[in-house]
Structures are given as C-alpha cells and as structure tokens.
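Biologist: I have just opened this model and would be glad of a guided close look at one part of it. Please start with the overall setting and then zoom in.

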Amino acid sequence: MIDDAAIVAGSGYIFFADPDTPKPARIIDPLKPGPEWTNIGHTSRDDLPEFGRDGDDPEALGSWQNAKLRMTTPDITYTVTFQALQATADTYRFYFGAGEDAIQPDGSIRIPATPIPQIQSLLVILVDGKKFVPLWHPRVSLLGSDSIEMATDEFVVFPITGTFLSSSLIDNAIGEWAQILPKPGTKSPASADSRPVSFIKD
C-alpha cells in the first residue's frame, strides 16, 4: 500500500518533439523536460487528455481436455486525445494534418485537401502538487479527431488524437511511463521494494 503512488491530474503539460526523440534522462522541472521538447500550450481543463484503448478482448481457447487452455493475444491500439486551445501553427498542423512546409511566409497555415498524420514524439507530464508523472511515447501519429467547437463564452477547441506507434528505439514497444517523480526539494515516495524511481515500458 503506497499512499503517495495515487495521483490526481490536477494540472499537466503536453510536449512534442521530432520522431524517436529519446525520453528525458532526468526531469527536475515539469515545465522544462529539455530543449528538444516544445510545449503544445494550453489544453482544455474541462476535457482532460483521455487515453483510449481499442481492439478485441482476449478469448479463451480450449481443448477437449481443458476448456480454457490458452488465451488469445488481441490486437490493441492505444491513443490519447486532447483538446488544444491555442490557435497556433502547431495546433493547426496537427489538427489538419499539415507538414511544416504548410506554414506560409505570413505565418498562416495552408490546409491540405488530403490530411497527412504528423508523426511526433509525445511527452505528457501529469502534475499532482509536488509530484509529477512523465508519460513518454517516441512515435505518435497526430491528427484532428472531431469538429472544432465554438461558443461565445468558451475557448475554441481543437480536438487532436495521437495514435501510439511502435518504435525501434525501445524494441518496438509504444512508450514508457514513469513511476511518480518528486518535484525538487522533496523525497521520492517509498516503493514496496525500495527500488529507485524508473520508467515502465508499456
């Protein structure tokens, strides 16, 4: 029973970088994971990032002698959907599926007739008071996933979904999630077997 291992996503940050960018070796400040990472900016507080799972459920295969001899290995796709709020080039490119060459000299974005998902590394950092948890995925396919919502009393919302892809950087796994990391000046929560804080492969 590790009370400090339970986390509330009170705030958080979403960063992106070039595909297959290695995870930060050590994060001391959740706002500064490294110079290669770019903050995507404000995202919705009402609709927090949602990590999705889509695919078949495992099924039991049986023999005449054993009705439940083995479980199948289902094909699962994992995603994250977040609601971007900033009307910036990065938001537009990821939503509309536009490459960097779509940025025009005046700063506007040329929207392609056929969207091409943008492959990026993604780093999501959950912050709970003095604790934070980095979630790293080296290859993520980003594209707009729903309508752009507008209201007179709300921010314009750009829904973007990232599909996690396998990466040779981590033996064709799709990402690594850290255990809880302390903010500077605090002690790491004790684990059941006193192992040091580390990342966990998906």
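How much area does the chain expose, and what share of it do carbon and sulfur atoms supply? After that, please look closely at Asp-20: which residue does its side chain meet in a salt bridge?

Modeller: Happy to. This is a predicted model, so local features need pLDDT of at least 70 and side-chain atom pairs count only at pLDDT 80 or more, while totals for chains, interfaces and linings use all residues. Residues are numbered from 1 along each chain as its sequence is written, and side-chain values use heavy atoms, with hydrogens and water left out.

The chain exposes about 12,600 Å², and carbon and sulfur atoms supply 52% of that area. Such accessible areas come from the Shrake-Rupley method with a 1.4 Å probe, and for residues only the protein chains shown count as cover. Of the 202 residues in the chain, 33% are buried; buried means under 20% relative accessible area, exposed means over 50%, and partly exposed lies in between (1.4 Å probe, protein chains only).

The chain has one helix and 13 strands. Both are DSSP runs numbered from the N terminus: helices are H or I with at least four residues, strands are E with at least two. Along the sequence the pattern reads β-β-β-β-β-β-α-β-β-β-β-β-β-β. Among contacts (heavy atoms within 4.5 Å) between residues at least 6 apart in sequence, 62% join residues at least 24 apart.

Now to your residue. The side chain of Asp-20 meets that of Arg-139 in a salt bridge, at 3.0 Å from N to O. This pair links distant parts of the chain: Asp-20 belongs to the loop between strand S1 (11-17) and strand S2 (38-39), Arg-139 belongs to strand S8, and their positions lie 119 residues apart in sequence. The term salt bridge stands for a side-chain nitrogen of Lys or Arg within 4 Å of a carboxyl oxygen of Asp or Glu. Asp-20 counts as partly exposed because its relative accessibility is 23%, and Arg-139 counts as partly exposed because its relative accessibility is 23% too. The backbone of Asp-20 deserves a glance as well: it has a positive phi of about 65° although Asp-20 is not a glycine. Asp-171 also has a positive phi without being a glycine, at about 60°. Asp-171 sits in the loop between S10 and strand S11 (176-178), and it is classed as exposed because its relative accessible area is 64%.

How does the Asp-20 pair fit among the other bridges? The whole structure holds four salt bridges. Among them is the pair Asp-57 and Arg-53, at 3.9 Å from N to O. Asp-57 is exposed, with 54% relative accessible area, whereas Arg-53 is partly exposed at 46%. Another bridge joins the side chains of Asp-128 and Lys-131 at 3.8 Å, N to O, and here Asp-128 and Lys-131 are both buried.

S1, at one edge of the Asp-20 loop, also takes part in helix packing. Helix H1 (residues 89-96) has Thr-91, Arg-93, Phe-94 and Tyr-95 as its buried residues. These pack against S1, strand S6 (76-84), strand S7 (118-128), S8 and strand S10 (154-164). So S1 and S8, which you met through the Asp-20 bridge, both appear on that packing list. Just after H1, Gly-97 takes a positive phi of about 70°.

In the segment before S1 you will find Gly-10, partly exposed with a relative accessible area of 41%. Leaving out residues up to four places away in sequence, Gly-10 touches Arg-45 and Val-127. Its C-alpha atom is separated by 7.4 Å from that of Gly-129, although 119 residues separate the two along the chain.

One last stop brings us back to S8. Asp-146 lies in the loop between strand S8 (131-144) and strand S9 (149-151) and is partly exposed at 47% relative accessibility. On the surface, Asp-146 gathers with Asp-46, Asp-47, Glu-50, Glu-149, Asp-153 and Glu-154 in a patch of negative charge. Patches are made of residues with over 30% relative accessible area and no salt bridge, joining like charges within 9 Å, or nonpolar side chains (Val, Leu, Ile, Met, Phe, Trp, Tyr) within 5 Å. Lys and Arg count as positive, Asp and Glu as negative, with His and the chain ends not counted; the charge is placed at NZ of Lys, CZ of Arg, CG of Asp or CD of Glu.
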